[in-house]
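Work through the exercises below with the sequence and the model side by side. Try each task before you read its solution.

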Amino acid sequence: MIDLICITCPRGCHLQVDENNNYEVTGNACPRGKVYGYNEVTNPQRVVTSTVRTNSKAEPRCPVKTNGTIPKGKMFDAMKLLDDIVLEVPIELGDIVVSNIFETGIDFVTCKKIDE
């Protein structure tokens with residue numbers, strides 16, 4: 001039995017996932033908890049947030065995030081993709097920084113508009 005705390009809403013249900021019984025999830029107050037518990041044990045996914053350098057003197061770093069979830073085991077490899085990137089201003093909100101990370105269809109996108 002694996003114990004988890006659901007993070008899909010502020011309620012924070014204490015879940016139990018029985019890996020010996022088809023990953024049956026109990027302790028959830030809503031259907032989202034059942035999905036979260038199953039996915040967290042069988043194929044954990046995460047949204048990744050970070051920053052990248054810019055050529056702006058006023059804003060030397062720009063926040064970025066993935067526009068969806070990627071496999072948890074690929075998080076640090078994904079962040080390494082950002083190491084040598086320097087964005088040139090102007091930067092628009094939602095600009096793609098790295099596309100199709102590890103063939104997942106997920107991109108790193110900018111989270112801030114920077115004009116200069």
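The exercises move from the whole chain to its strands and then to a single residue.

The model is predicted, so local features need pLDDT of at least 70 and side-chain atom pairs count only at pLDDT 80 or more, while totals for chains, interfaces and linings use all residues. Residues are numbered from 1 along each chain as its sequence is written, and side-chain values use heavy atoms, with hydrogens and water left out.

**Exercise 1. The whole chain**

Task: Find how many helices and strands the protein has, and describe its overall dimensions.

Solution: Begin with the count, for which helices (H or I, at least four residues) and strands (E, at least two) are DSSP runs numbered from the N terminus. The protein has two helices and ten strands, and along the sequence they follow the pattern β-β-β-α-β-β-β-β-α-β-β-β.

Next, turn to the dimensions: the C-alpha atoms fill a box of roughly 55 × 30 × 20 Å along the principal axes. The radius of gyration, taken over C-alpha atoms, is to be set against a globule rule of 2.2 Å times the number of residues to the power 0.38. A compact globule of 116 residues would have a value near 13 Å, whereas the protein has 18 Å.

Finally, look at burial, where buried means under 20% relative accessible area, exposed over 50%, and partly exposed in between (1.4 Å probe, protein chains only). Of the 116 residues, 29% are buried.

**Exercise 2. The strands at the start of the chain**

Task: Work out in which sense strand 1 and strand 2 pair, and over how many bridges.

Solution: Two strands pair if DSSP finds at least two bridges between them. Strand 1 (residues 2–5) pairs with strand 2 (residues 14–18) in the antiparallel sense over four bridges, and in this pairing Asp3 has Gln16 as its bridge partner.

Continue from strand 2 to strand 3 (residues 24–26), where the pairing is antiparallel over three bridges and Val17 is matched with Val25. Strand 2 and strand 3 form a hairpin with five residues between them, and in its turn Asn22 has a positive phi of about 55°.

**Exercise 3. The five-stranded sheet**

Task: Trace the order of the strands in the open sheet and identify its edge strands.

Solution: The order is 8-5-6-10-9, and the pairing is mixed. The edge strands are strand 8 (86–87) and strand 9 (96–98), each of which pairs on one side only.

Now take the neighbours in turn. Strand 5 (residues 49–54) runs parallel to strand 8, joined by two bridges, with Thr54 partnered by Leu87. Strand 5 and strand 6 are antiparallel over five bridges; a hairpin of six residues joins them, and Thr51 stands opposite Pro63. Strand 6 in turn runs antiparallel to strand 10 (residues 108–110) over three bridges, where Lys65 stands opposite Val109.

As a last step, consider the faces. In a regular strand the side chains alternate between the two faces of the sheet. Strand 6 (residues 61–66) has a covered face with Cys62, Val64 and Thr66, and an uncovered one with Arg61, Pro63 and Lys65.

**Exercise 4. The surroundings of Gln45**

Task: Locate Gln45 in its strand and list its contacts beyond its neighbours within four places in sequence.

Solution: Gln45 lies in strand 4 (residues 45–46) and is partly exposed, with a relative accessible area of 25%. Contact means heavy atoms within 4.5 Å; once the neighbours within four places are set aside, Gln45 is in contact with Thr69, Ile70, Pro71 and Lys72. The C-alpha atom of Asn20, 25 residues away along the chain, is separated from that of Gln45 by 22 Å.
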